[in-house]
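Biologist: I should like to learn how to read this structure feature by feature. May we begin with the ligand and then turn to the sheet and the core?

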Amino acid sequence: MCNIGLSTSCDNHGCWRAGEGRESAAMVGRGGVCGRASSIVDTSTLERTYSLNTEIYIQAAVSIMAEVVLVTGPFGQIGSDLVPELQKLHGKDNVIALGHRNIPDDFDGILEKGDIRNYEEMEAIIKKYNITQVYHLASLLSAVGESKPDVAWDVNMNGLKVFLDLARDNNMKLFWASSIAVFGPTTPRENTPQKTVLEPTTMYGVTKLAGELLCQYYFLKYGVDVRSIRYPGLISWKAEPGGGTTDYAVAIFYDAIQKGKYTCFVKEETVLPMMYMDDAIKGTIDIMEAPADKIKVRTSYNHSAISFSVKELADEIKKRMPEFEVEYEPDHRQAIADSWPMTVDDTVAREEWGWAHEFDLSKMTDVMFEELKKKLQ
Ligand SMILES: NC(=O)c1ccc[n+]([C@@H]2O[C@H](COP(=O)([O-])OP(=O)(O)OC[C@H]3O[C@@H](n4cnc5c(N)ncnc54)[C@H](O)[C@@H]3O)[C@@H](O)[C@H]2O)c1
């Protein structure tokens, strides 16, 4: 039972205890999410304000109890864009980045270092900052996972289990990143439904599928508020991708700008679901901010925006750079791409928690050119 003492209810657990002690008011997080024992703050200032005006007291309590967020994999492709948005949303002092290797020198924020597989190390960080939410992004991606399947299993599964256990034991809300890699060659490749055949043939996909089921298990068994989306290939300019099969959709922009030509590791007719990073970040924050009763899928949501072939992407680039040339030398990643859907049906996410994308192929290409040209100058 959550200790809510304000005229608001707990979105996550359905708890509402009107008229309980005033000290419990300081345990209320943003948006009526209930507080956690670890989040109790000194209420003396609030007590004085409260004697003047209940509403001000409530507002002060809510603002003091901003969420404290931990991000794993904060300097990867997604984390590099997500962390600054979370800092804007929750305040720089309330976002903790868990670095591992390759930590940028110019990171502006709170930094901790550690390995996600180490429960004690992660627990110490969670207690130190009274973490209330975790965005768990750290993972080995598809192409790297195929070259190191044992490490991929260890990092992806044991790392997730550590955070599911910590979320259960510390009443934290958890975001975990799944992927279109949960689908496999036996899945319908067009308009892939939310519920469908899931028989992935990569170690990465196996860990994502097992991870989805583990998330659902922790929700059903322990009530852990875990939320997840199946990202498609993500296109961004801030950080380079970390060894996935859809990396070509980013690399093509770098090589277009720097060399005027690109050699692609999948065939020109290869179509995969993709998304511009700003849309992915919006979806990630939206699902975490949605009331708990809107999140009905506790495995992971299909999450889609645009699908295009490499040729269509190259043609879009040629509209802005007519001299651009592409050659095709498919390698082992072609087989991975061929095992994934071409288009994904994400109606369930759109209906249940209001997911909507903004960037189409043309708009995404414009932004990638503009930002990468500045970055590479
Ligand atoms: N980028 C995409 O296109 C895409 C698509 C689908 C799903 N995803 C998923 O989204 C999440 C984030 O992806 P990304 O592209 O930002 O990944 P990335 O490879 O760019 O970054 C992952 C980060 O995890 C960190 N890491 C790896 N092992 C660690 C460990 N043992 N302890 C602590 N940190 C460790 C690495 O340092 C790296 O910075 C992953 O779970 C990935 O599977 C990404």
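**Reading the ligand shell, sheet and core**

Modeller: The shell around the ligand comprises 11 nonpolar, 13 polar and 3 charged residues. Here Ala, Val, Leu, Ile, Met, Phe, Trp, Tyr, Cys and Pro count as nonpolar, Asp, Glu, Lys and Arg as charged, and the others, Gly among them, as polar. This is a predicted model, in which local features need pLDDT of at least 70 and side-chain atom pairs count only at pLDDT 80 or more, while totals for chains, interfaces and linings use all residues. Residues are numbered from 1 along each chain as its sequence is written.

Biologist: Which residues come nearest to the ligand?

Modeller: A residue is near a molecule if its C-beta atom, placed from the backbone, lies within 6 Å of it. Of the 27 residues around the ligand, the nearest are G73, G76, H100, S139 and G242.

Biologist: In what order do the strands form the open sheet?

Modeller: Strands (E, at least two residues) and helices (H or I, at least four) are DSSP runs numbered from the N terminus, and two strands pair if DSSP finds at least two bridges between them. Here 7 strands, paired in parallel, follow the order β3-β2-β1-β4-β5-β6-β10. The edge strands, β3 (110-113) and β10 (301-302), each pair on one side only. Strand β6 (residues 226-231) is joined to β10 by 2 bridges, and R230 stands opposite N302.

Biologist: Which helix supplies the largest share of the largest nonpolar core?

Modeller: Such a core is a set of buried Ala, Val, Leu, Ile, Met, Phe, Trp, Tyr and Cys residues joined through C-beta atoms within 7 Å; buried means that 20 or more other C-beta atoms lie within 10 Å of a residue's own. This core has 92 residues, and V71, V134 and I235 are among those touching the most other members. Helix α6 (residues 149-170) gives the largest share, 8 residues.

Key
Buried ≥ 20, exposed ≤ 12 C-beta atoms within 10 Å, placed from the backbone.
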